[in-house]
Amino acid sequence: RMSHSEQHTLSDTDEEAAAEVRARQYEGTSAFAAASSAAAMPPPLEYPSEGEHEYADEVYCEHRPSSDDDFPAYNPADFESEKEEGGNNEGEVEVRPEYAEEEEEFDEASLFNNPENAKVEYVGGYQMDIDDKIVVDDSFLVTTEPGAISRMVVIDAANILHGLTPLMEGNNTPEAGMQKVDAAYILSLVRFFVFKGIECIVVTQHKYEMDNVIDNSFITKTLKDMGLLITMDNTYDDLVLFTVAGEFDAVILSEDQFRDEKAQPGFLTPNVNRALELKVAPIYPRLRGDFLPKEHWGKVSRNGHFVVDHLMRFAGDTDVLRKKFFTTAARGGHRFELVQEKYESWLRRKDQVLKQLEGLLAQIQPIMKTIREDVALLPRGN
C-alpha cells in the first residue's frame with residue numbers, strides 16, 4: 001500500500017500513473033482471484049415460476065433439482081410407460097421454440113395418390129370421399145416416349161360450361177331464361193391435368209365470375225387468384241385462347257369448331273392452324289343414363305380424380321391423344337424449345353399449385369354431399 005505521505009506527493013497529472021500502480025498491487029490478492037472466478041461463471045438460468053406453462057408449444061422442466069437429494073428415485077416402470085405413449089426412450093424433453101405452432105399433420109398427396117384408400121380422412125379441414133368403384137381413364141396422360149415432355153392445356157371454359165349445364169335439373173333459378181352453369185366442372189378438369197403433372201390454364205369471360213351466372217363462383221375467383229384463369233370480354237376470349245395456345249404450342253380443350261373465327265380474314269395464321277391441329281374435344285354425356293349414379297357424384301375416383309357427375313372422356317384414341325399432349329424434339333421442331341421452357345417453369349411451381357387445388361377441392365365437398373343427399377334433385381339430360 002502507498003503511505004499517506006506518498007499519496008500527498010502525487011500531483012493531478014500523476015493520478016493515472018498511480019492508478020496503474022494500485023492495479024498491479026491488487027493483482028495476485030485473494031480478492032482479485034475471487035472476482036475473476038465470478039466473472040468467468042455464466043449467469044444463473046431463469047426458470048418460469050409455477051403457472052407460466054400455459055402454451056402447449058412451450059416445454060419446460062417441471063422439476064428443478066438443486067441438490068442430489070432432489071432427484072427422484074429411478075423407477076424403470078416410468079420409462080416403460082414413456083415408451084408405450086411414444087415418448088423419448090431416454091426420458092429427454094424436447095424443447096421447441098416459442099413460435100412453433102401445433103398443427104394436425106397429414107400428407108395430402110398420399111391421401112389422393114393411394115388407390116387403396118376407401119376414405120380420405122381430412123384435407124383442408126373437410127372430409128373427403130374416395131370412391132373405389134369408379135376409375136377415370138388417364139392413360140393418355142402417361143408416356144414412355146424418350147425425351148417427351150407435356151404441353152400446356154388451355155381450357156375454353158365458356159364452351160366447356162355450355163356443354164355441361166346445368167349440373168342438375170331444378171337446382172337453380174336462372175334469370176331471363178339463362179341457364180346457370182357450375183364451376184365444379186372447371187375445377188374437375190383443371191385438377192385432372194394438374195394431378196397428372198400437366199400445366200393448365202383457363203380462358204373465360206368476365207360473367208363467369210358472377211353469382212347470377214355460375215354456381216360455386218368462388219372456384220373461378222380462386223383459380224384467377226392462383227393465376228390459373230384469365231377473364232375478359234366475350235368479344236376477345238377466343239382470340240386470347242388462340243394467342244396463348246399459339247405462343248406456347250399448347251393443347252386447346254374445347255368442343256367448339258370456331259367456324260366464325262376461321263371465316264375472319266387473317267385469323268388462320270401458322271400458330272392458329274397448329275393450335276387447331278392440337279385441339280382436343282371433351283365428350284359430354286347427353287342422356288340421363290350416361291351420367292354416374294348419384295351416390296358417386298362429387299367424389300374422388302380410385303385413381304385420384306375428382307368427378308362431378310360423369311367420367312371425363314375425350315375424343316380420339318389413346319395414341320392420338322398422347323401425341324397431342326406430349327411432344328419431343330424430333331416431333332416438335334423449333335417449337336419444342338418453347339414447350340420445354342414453359343415446362344421447366346411449370347415444374348418449379350407444380351406441387352404448390354396441386355396443394356392449392358386440393359384445398360379448393362376440399363371446400364366443395366360439403367356442397368357435393370348436399371347434392372348427393374337431396375332426393376328432389378334429378379340428373380340433367382333427357
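## A walk from E209 through the strands and helices

Let's begin at E209, which sits in the loop between β7 and β8 (214-215). Keep in mind as you look around that this is a predicted model. Is E209 buried or exposed? Its relative accessibility is 18%, and since the cut-off for buried is under 20%, E209 counts as buried. Leaving out residues up to four places away in sequence, E209 touches I214, S217, T220, K221, K224 and T231. One of these neighbours, K224, also shares a polar contact with E209: their side chains are joined at 3.4 Å.

Now step back for a view of the whole chain. It holds 15 helices and 13 strands. Of its 382 residues, 40% are buried. If you take the contacts between residues at least 6 apart in sequence, 77% of them join residues at least 24 apart.

The loop of E209 starts from β7, so to speak, and β7 is a good way into the sheet. Which strands make up this sheet, and in what order? Four of them form an open sheet that reads β9-β7-β4-β10, with parallel pairing. The edges are β9 (229-232) and β10, each of which pairs on one side only. Ignoring direction, neighbouring strands here are turned by 20° against each other on average.

You can follow the sheet across, one pair at a time. Strands β7 and β9 run parallel and are joined by four bridges; here V202 stands opposite L229 of β9. On the next step, β4 (residues 153-156) pairs with β7 (residues 200-205), again in the parallel sense and over four bridges. The last step takes you from β4 to β10 (residues 251-253), a parallel pair with three bridges. V153 is a handy landmark for both of these pairings: its bridge partner in β7 is C200, and its bridge partner in β10 is V251.

Stay with β4 for a moment and look at its two faces. In a regular strand, side chains alternate between the two faces of the sheet. What lies on each side of β4? V153 and I155 are on one side, V154 and D156 are on the other, and all of them are buried, which leaves both faces of the strand covered.

Finally, let's turn to the helices. Two packed helices are described by the angle between their axes and the distance between the axes. Take α8 (residues 217-225) and α15 (residues 350-373): their axes come within 11 Å and cross at roughly 175°. Because of that angle, α8 is roughly antiparallel to α15. From α8, the contact is made by F218, I219, T222 and L223, and from α15 by L357, L360, Q363, I364 and I367. Sorted by class, the residues of this contact are seven nonpolar, two polar and no charged.

A second pair of helices is α9 (residues 237-248) and α11 (residues 270-278), which pack at about 90° with their axes 8 Å apart. The angle therefore makes α9 roughly perpendicular to α11. Which residues meet here? F242, A245 and G246 of α9 touch N271, V272, A275 and L276 of α11. This contact has five nonpolar, two polar and no charged residues.

How values were computed
Residues numbered from 1 in each chain as written. Predicted model: local features only at pLDDT ≥ 70, side-chain atom pairs only at ≥ 80, totals over all residues. Heavy atoms only, no water. Axes fitted to C-alpha atoms, helices over the stretch in contact; angles between N-to-C directions. Parallel < 35°, antiparallel > 145°, perpendicular 65-115°, else oblique. Contact = heavy atoms within 4.5 Å. Nonpolar A, V, L, I, M, F, W, Y, C, P; charged D, E, K, R; others polar. Buried < 20%, exposed > 50% of the residue type's maximum accessible area, 1.4 Å probe, protein only. Pairing = 2+ DSSP bridges. Polar contact = N/O pair within 3.5 Å; in protein donor to acceptor, adjacent residues only side chain to side chain.
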